[in-house]
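Please open the structure in your viewer and keep the selection tool at hand. The tour proceeds in steps, each with something to select and a short account of what is found there.

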Protein chains: 2
Amino acid sequence: MKILIDVMGSDKGISEIVRGALSALDRVEYRPVFVGPEKEILKYIKDKYSGKFEIIDAQDVIRNEDKPALAIRRKKDSSMVKAFRALKNNEAEAMISTGSTGALLAGATLIIGRIKNVDRAAITLIFPGLEKSTIMLDVGANMDISEELILQFAKMGRSYAKVLFDEENPSLALLNIGSEEGKGNELSLKSYDLLDKADLNFIGNVEPYDLFTTEADVIVTDGFAGNIALKSVEGTGKTLVKLFKNAIDGSILAKIGIALMAPSLKKELKNLRLDEIGAAPLLGSKKPVFKAHGSSDHKQIEAGIIQIIKFINAGVIQDIENSMEV
Amino acid sequence: MKILIDVMGSDKGISEIVRGALSALDRVEYRPVFVGPEKEILKYIKDKYSGKFEIIDAQDVIRNEDKPALAIRRKKDSSMVKAFRALKNNEAEAMISTGSTGALLAGATLIIGRIKNVDRAAITLIFPGLEKSTIMLDVGANMDISEELILQFAKMGRSYAKVLFDEENPSLALLNIGSEEGKGNELSLKSYDLLDKADLNFIGNVEPYDLFTTEADVIVTDGFAGNIALKSVEGTGKTLVKLFKNAIDGSILAKIGIALMAPSLKKELKNLRLDEIGAAPLLGSKKPVFKAHGSSDHKQIEAGIIQIIKFINAGVIQDIENSMEV
């Protein structure tokens, strides 16, 4: 199985991506196809891997500032477009990138195309809960959508959850501003009705207050609300971590204190399992396109690649195709 | 100046509310009118305050589970409805309650009425930033609204910000999923255009990622997105605090560690100034109706009452009336 690895666009540089792909190679059977500047990629690969990988040379890069669709159309020599082309031409089974989410979505739509009966592809997030993780979609691609699209997200999310959580009948919830039925905006009310009628193990509304503790395997939402939730969580986390760091920086006593706390704090933070997942698919794309965070380290890239292999072997895309037939 | 104090609906009980109102009385000149079960209220008031307060006896309470509009219409003997009636009949200048937000909003609309040209009242939140606080509205009352209503929220929010931040020309931002122009859903795009054309010191979009650090004095949003953001922030905070507590509970070393960290951690947390504001108004109501959090302690009630007095003395409602004339 060949997986295209776009080495550009990472905050941590090319070496981190290559390192993650190679450590995945130590654990599972696959063939990495690195896409990016060949000479630099080769610098990070030890001899023992020779013959075990391929490279598609690409010198250009799509940046977060680029207009997504325009960049996909014009930057023919970018690593991302070259990876998409190779995926389209069946030179590999899947691709992973830490680059611009907007461009990845544009490429998945414009170059790869959508699964039949899927109207829009969705950006998926694996939300790290305290007890278990949750798949959330859409978290930023699709605004002003209908309840029918929410239903499609629900079906796609459940197909993925079966594999990710090894769960035969994943539970489904709707992101909303109240947990009771009858809460929310017009889209919430219509979506609730539609999901409730469908045979999708729908367990009702989930408030963002309970995102970290919900039992739901899949949470569906429109891309505006989903992105607001995601960025609110990130902003709060960032702020509290910053306060904590400031407290440590300002005091020697606090420095000793944090050293004493570190082991048990680390153990607790592990409950959030931030590293285990690594990457999430753009669901709705005809072929597996995975997005890893721009700040991913090698462990997350490794975990992402292992996820992709599971995703392919389990036939998630075929499962989505089937669920969309109804 | 008389202020109605609904003593029911607090998580911390009647004594906490009474205590807060009395400590405000030690600091500023006003006359508390307690609304609730008279006998119990009297238990918490020392002799030295005799003659300095009034009580409106009320035995019933509106609960969070009650349907807001129905409860306001039917629960005539509840503390909240009695407070609204007294406010309506000019027996006092303002009211504050820790009770159900939905019921407060229903009462403000059904009993007190809205300011001329205000189509809907909004729930206001004072968001505690690292450098400065920010007024955010609407955070839960109004779904599926138009850009014209967003503009009304902007005007009302700025009138309040002038007083709260002592700022002549408060800056205004729009909650959105990207900081650049052209981001967001249809409402975002239309609201951006309208706010940008108005003379409201509009500084553009603010992402939830930057809620704690934004320079904006006022952030406007629809009630769905605002509530999603608010509850995501609360849920993340709650989760991280819980992880932290678990880490401390599980280890003696960590207990010593946190004791060493405590002074500088407390100092940093003070930057979030969570206690200073205490309560926020339902903007658009013809008379001042303030909501305090159900978990408010006496300090927050005290701060809330001081806010109300500032709000009245500065003539915020008159200022909103003027801004709505245009």
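**The nonpolar cores**

Begin by selecting A:Phe84 and B:Phe84; among the 96 residues of the largest nonpolar core, these two touch the most other members. Please bear in mind throughout that the model is predicted.

Which residues does A:Phe84 touch, leaving aside those up to four places away in sequence? Select A:Ile72, A:Met95, A:Ala103, A:Leu104 and A:Gly107, and add A:Ala108, A:Ile111, A:Ile112 and A:Val289 to display these contacts of A:Phe84.

Next, select A:Ala21, A:Ile135, A:Val218 and A:Ile308. These residues are included in a second core of 62 residues, which is separate from the one just visited.

**The second largest pocket**

Now turn to an open space. Rolling a probe the size of a water molecule over the atoms shows where empty space is left. The second largest pocket has a volume of about 520 Å³. To find its centre, select A:Asp144, A:Asn185, A:Leu187, B:Asp144 and B:Asn185, the closest to that centre of the 21 lining residues.

Then colour helix 7 (186–197) and helix 8 (223–249) in chain A, and likewise helix 7 (186–197) and helix 8 (223–249) in chain B; these are the elements that each give two or more residues to the lining of this pocket. By type, the lining of the second largest pocket consists of 10 charged, eight nonpolar and three polar residues.

**The salt bridges**

Side chains of opposite charge can pair when their charged atoms come close. How many salt bridges does a search of the whole structure find? The search finds 20 over all chains.

Select B:Lys132 and B:Asp217, whose side chains form a salt bridge with an N to O distance of 2.9 Å. B:Lys132 lies in the loop between strand 5 (122–127) and strand 6 (134–137) of chain B, and B:Asp217 in the loop between strand 8 (202–206) and strand 9 (218–220) of that chain, so the pair ties together parts that are 85 residues apart in sequence. Is each partner buried or partly exposed? B:Asp217 is buried, with a relative accessible area of 4%, whereas B:Lys132 counts as partly exposed at 23%.

Move to A:Lys75 and A:Asp66, a salt bridge whose closest N and O atoms are 2.8 Å apart. A:Asp66 counts as partly exposed because its relative accessibility is 22%.

Finally, select A:Lys2, A:Arg31 and A:Glu54, which are linked in a network of salt bridges.

Key: Residues are numbered from 1 along each chain as its sequence is written. Chains are lettered from A and ligands numbered from 1 in the order in which they are written. This is a predicted model: local features need pLDDT of at least 70, side-chain atom pairs count only at pLDDT 80 or more; totals for chains, interfaces and linings use all residues. Side-chain values use heavy atoms; hydrogens and water are left out. On a 1 Å grid over the protein atoms alone, a cavity is a set of points where a 1.4 Å probe fits but cannot get out, and a pocket is an open set with protein on both sides within 12 Å along at least five of seven lines; lining residues have an atom within 4 Å of a point. Grid points are joined across faces, edges and corners, and a volume is the space filled by probe spheres set on the points. Helices (H or I, at least four residues) and strands (E, at least two) are DSSP runs, numbered from the N terminus. Ala, Val, Leu, Ile, Met, Phe, Trp, Tyr, Cys and Pro count as nonpolar, Asp, Glu, Lys and Arg as charged, and the others, Gly among them, as polar. A nonpolar core is a set of buried Ala, Val, Leu, Ile, Met, Phe, Trp, Tyr and Cys residues joined through side-chain atoms within 4.5 Å. Buried means under 20% relative accessible area, exposed over 50%, partly exposed in between (1.4 Å probe, protein chains only). Contact means heavy atoms within 4.5 Å. A salt bridge is a side-chain nitrogen of Lys or Arg within 4 Å of a carboxyl oxygen of Asp or Glu.
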